[in-house]
Amino acid sequence: MGLPSGYTQLKYIQSSGTQYIDVGFKPNQDTRITASVIWPLSGASRSNYLCGARESGSAKKYAINGYGGKYESHYGTNTVNAWNSVSEQFSIDKNKNVTTIYGVTETQEAQTFQCPVNMFLFAMNNNGAMYSPASVKLYQFSVYDNGTLVRDYIPCQTTAGEI
């Protein structure tokens with residue numbers, strides 16, 4: 001699918017760590033996201049989320065986070081902190097409870113849940129409030145609902161210069 005008239009595709013977009021995009025989709029146990037990013041965590045002493053939604057810190061959550069030099073996968077009530085930060089471009093495939101980051105796969109316990117709020121891109125939607133935005137160079141981001149593509153973000157710019 002191409003872009004609408006008046007848009008130019010870009011190689012990537014860069015978040016500054018102060019903004020987010022409301023994806024308009026509430027993730028659940030059957031959500032899959034794929035992404036291609038440059039997201040080094042050097043010196044990150046606080047959480048910073050590529051994407052996420054949650055009811056609270058420990059329940060009904062679906063997210064990819066960076067904290068303490070590692071990437072984390074949040075799924076339902078579980079968190080896996082298994083991937084060291086890298087400075088080059090890499091891919092993320094979080095397919096339900098199975099997460100692959102730069103080719104390393106971790107599986108979390110399967111659960112049934114529905115996040116009560118929309119997923120944010122570049123931050124966590126913490127029960128309706130933006131939480132811990134990340135500075136990320138984003139090349140690709142897609143969201144699937146039980147195997148069906150529901151969002152496919154293409155980095156682009158309008159003729160007015162809006163990203």
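Here is a quick briefing on the fold of this chain and on one loop residue, Asn 146. This is a predicted model, where local features need pLDDT of at least 70, side-chain atom pairs count only at pLDDT 80 or more, and totals for chains, interfaces and linings use all residues. Residues are numbered from 1 along each chain as its sequence is written, and side-chain values use heavy atoms, leaving out hydrogens and water.

**Overall fold**
- You'll find 17 strands and zero helices in the chain (DSSP runs numbered from the N terminus: E, at least two residues, for strands; H or I, at least four, for helices).
- The chain's radius of gyration is 15 Å, which agrees with the value near 15 Å for a compact globule of 163 residues (taken over C-alpha atoms; the rule is 2.2 Å times the number of residues to the power 0.38).
- The C-alpha trace spans about 45 × 35 × 30 Å along its principal axes.

**Burial and contacts**
- Of the 163 residues, 43% are buried (under 20% relative accessible area, with exposed over 50% and partly exposed in between, using a 1.4 Å probe and protein chains only).
- Among contacts with a separation of 6 or more, 65% link residues 24 or more positions apart (contact means heavy atoms within 4.5 Å).

**Asn 146**
- Asn 146 sits in the loop between β15 (137–145) and β16 (148–153).
- Asn 146 counts as partly exposed because its relative accessibility is 47%.
- Leaving aside neighbours within four places in sequence, Asn 146 touches Asp 30 and Lys 96.
- The side chains of Asn 146 and Lys 96 share a polar contact of 3.4 Å (N or O atoms within 3.5 Å, one able to donate a hydrogen and the other to accept it; residues adjacent in sequence count only if both atoms are side-chain atoms).
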